[in-house]
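Trainee: I should like to go through this structure with you and ask for the grounds behind each description. May I put my questions in turn?

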Amino acid sequence: RSKPDTNIVALDVSKYPFHAQQFVATLKENGILAGALGLDFVRLVTHLDLSDQDIDQACEILKRTLVA
């Protein structure tokens with residue numbers, strides 16, 4: 001994998017049937033901490049000590065919770 005330019009991921013959840021704060025709560029229930037930015041945006045920040053496996057696991061949780 002190539003190194004990213006930033007460790008911040010912003011998600012626009014405006015097309016989903018929930019607000020950002022609701023999604024943040026769901027992520028927390030699944031072990032991911034994130035922050036709501038208004039009604040439509042979620043901010044995630046990776047940590048230096050996360051492994052590729054940790055990131056893959058977070059991606060799977062994100063996919064699962066976005067489709068649920």
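Mentor: Let us begin in the sheet of this predicted model: leucine 11 stands opposite valine 42 in β3.

Trainee: What makes β1 and β3 a pair of strands, and in which sense do they run?

Mentor: Two strands count as paired if at least two bridges are found between them. β1 and β3 are joined over five bridges, in the antiparallel sense, so the criterion of at least two bridges is met.

Trainee: How do you know that β2 is paired with β3?

Mentor: The argument is the same in form. Three bridges join β2 to β3, residues 41-45, and the two strands run antiparallel; the requirement is at least two bridges, so the two strands pair. Glycine 35 stands opposite arginine 43 in β3, and alanine 36 stands opposite valine 42 in β3.

Trainee: What lies between β2 and β3 along the chain?

Mentor: The two strands form a hairpin with three residues between them. In the turn, glycine 38 has a positive phi of about 75 degrees.

Trainee: Why are β1 and β2 called edge strands?

Mentor: The three strands form an open sheet in the order β1-β3-β2, with antiparallel pairing. β1 (8-12) and β2 (35-37) each have a single partner strand, so one side of each is left without a neighbour in the sheet. From one strand to the next, the twist averages 30 degrees.

Trainee: Which residues of β3 are on its covered face, and which on its uncovered face?

Mentor: Val42 and Leu44 form the covered face. Phe41, Arg43 and Val45 form the uncovered one.

Trainee: Where does helix α1 lie with respect to the strands?

Mentor: α1 lies across β1, β2 and β3, and runs at about 35 degrees to β3.

Trainee: What makes one face of α1 the buried face?

Mentor: Ala20, Phe23, Val24 and Leu27 are buried in α1. Seen down the axis of the helix, the buried residues fall within an arc of 105 degrees, so they line one face of α1. Their cover includes β1, β2, β3 and α2. The face turned away from the buried side carries the exposed residues Gln21, Lys28 and Glu29.

Trainee: Why is glutamine 21 called exposed?

Mentor: Glutamine 21, which lies in helix α1, has a relative accessibility of 51%. The term exposed applies over 50%, so glutamine 21 counts as exposed. The C-alpha atoms of glutamine 21 and alanine 34 are separated by 9.3 Å, with their positions 13 residues apart along the chain.

Trainee: Why is alanine 25 described as partly exposed?

Mentor: Alanine 25 is found in helix α1, residues 20-29, and its relative accessible area is 35%. Buried means under 20% and exposed means over 50%, with partly exposed in between; alanine 25 is therefore partly exposed. From C-alpha to C-alpha, alanine 25 and aspartate 54 are 20 Å apart in space, and they are 29 residues apart in sequence.

Trainee: What follows α1 along the chain?

Mentor: α1 is followed by glycine 31, whose phi is positive, near 90 degrees.

Trainee: How do you know that threonine 65 is buried?

Mentor: Threonine 65 has its place in helix α2, residues 52-67. The relative accessible area of threonine 65 is 9%, and buried means under 20%, so threonine 65 is buried. Residues up to four places away in sequence aside, threonine 65 touches Phe23, Thr26, Leu27 and Asn30.

Trainee: How many helices and strands does the protein have, and in which order do they run?

Mentor: There are two helices and three strands. From the N terminus on, the elements run β-α-β-β-α.

Trainee: What makes the radius of gyration agree with that of a compact globule?

Mentor: For 68 residues, a compact globule would have a radius of gyration near 11 Å; the protein has 12 Å, and the two therefore agree. Along the principal axes, the C-alpha atoms fill a box of roughly 35 × 20 × 15 Å.

Trainee: How much of the protein is buried?

Mentor: Buried residues make up 18% of the 68 residues. The accessible surface comes to about 5300 Å², and 55% of that surface belongs to carbon and sulfur atoms.

Methods:
Residues numbered from 1 in each chain as written. Predicted model: local features only at pLDDT ≥ 70, side-chain atom pairs only at ≥ 80, totals over all residues. Heavy atoms only, no water. Helix = DSSP H or I, 4+ residues; strand = E, 2+ residues; numbered from the N terminus. Buried < 20%, exposed > 50% of the residue type's maximum accessible area, 1.4 Å probe, protein only. Axes fitted to C-alpha atoms, helices over the stretch in contact; angles between N-to-C directions. Contact = heavy atoms within 4.5 Å. Rg over C-alpha atoms; globule rule 2.2 N^0.38 Å. Areas by Shrake-Rupley, 256 points an atom, 1.4 Å probe, with all protein chains shown as cover. Arc of directions from axis to C-beta.
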